[in-house]
Amino acid sequence: SAIATDQGALIFMGPSGSGKSTLAAGLIDAGYKLLAEDLCALEFSPGCGFQVLPGTAQLRLWNDTIQQLGHNQKLMQKVWQKEDKYSRLLQDELASVPTTLKMIYLLNPDDVENVDITPLSLPEMTAAIVKNVFRGEYTQALGVQKRLFRQTAELIRAGQIRQLTRPKNGF
């Protein structure tokens, strides 16, 4: 997920269930604009850095998140019949232009009481990016391995990745 702020784009990455969409939904309710959900595209240009490109105008949220945020689940469409997850369509809450990347946060739910943001080492940043590339197994067949490697190196060089550890339980 990615959110546009006055200081740049914030990206939230991590495994399923780490709170990416929930955090984005809370920030949208606080007045920020959504840039991307589920898939976040970055564009790099020398001298300008990374731009986060706008994506789809929806959030996919679990029913308990919808309840906690005080939204009306009846106004949303069920994502899959077997799951209690719904699609919240956004209209005025979607950013419409690319936004300069400010920071990427790797979400880490853990048995802690407070939120903690820590820098990652170079190997940890590399692992985080590689693990969160969409369909990374196809990069060789698509011929984009070199480009992905260069962009990964630029992200690491910029040092714009932090780990955000949050309480595993609770909203």
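The following paragraphs describe the nonpolar cores, one helix pair and one loop residue of a predicted model.

Residues are numbered from 1 along each chain as its sequence is written. Local features in this predicted model need pLDDT of at least 70, side-chain atom pairs count only at pLDDT 80 or more, and totals for chains, interfaces and linings use all residues, while side-chain values use heavy atoms and leave out hydrogens and water.

The largest nonpolar core (buried Ala, Val, Leu, Ile, Met, Phe, Trp, Tyr and Cys residues joined through side-chain atoms within 4.5 Å; buried means under 20% relative accessible area with a 1.4 Å probe, protein chains only) has 20 residues. Those with the most contacts inside this core are Leu 35, Val 52, Leu 101, Ile 104 and Ile 161. At least two of its residues come from each of β1, β2, β3, β5, β9, α3 and α5 (DSSP runs numbered from the N terminus, helices being H or I of at least four residues and strands E of at least two). Another core, of 17 residues, lies apart from it and includes Phe 12, Ala 25, Leu 61 and Met 76.

The axes of α3 and α5 (lines fitted to C-alpha atoms over the stretch in contact, with angles from 0 to 180 degrees between N-to-C directions) come within 10 Å and cross at roughly 135°. Leu 122, Met 125, Thr 126 and Ile 129 of α3 make the contact with Thr 152, Leu 155 and Ile 156 of α5 (heavy atoms within 4.5 Å).

Gln 160 is located in the loop between α5 and β11 and is buried, with a relative accessible area of 17%. Its side chain reaches the backbone oxygen of Lys 102 at 3.4 Å.

Terms used. Buried means under 20% relative accessible area, exposed over 50%, partly exposed in between (1.4 Å probe, protein chains only). A polar contact is a pair of N or O atoms within 3.5 Å; within protein, one must be able to donate a hydrogen and the other to accept it, and residues adjacent in sequence count only if both atoms are side-chain atoms.
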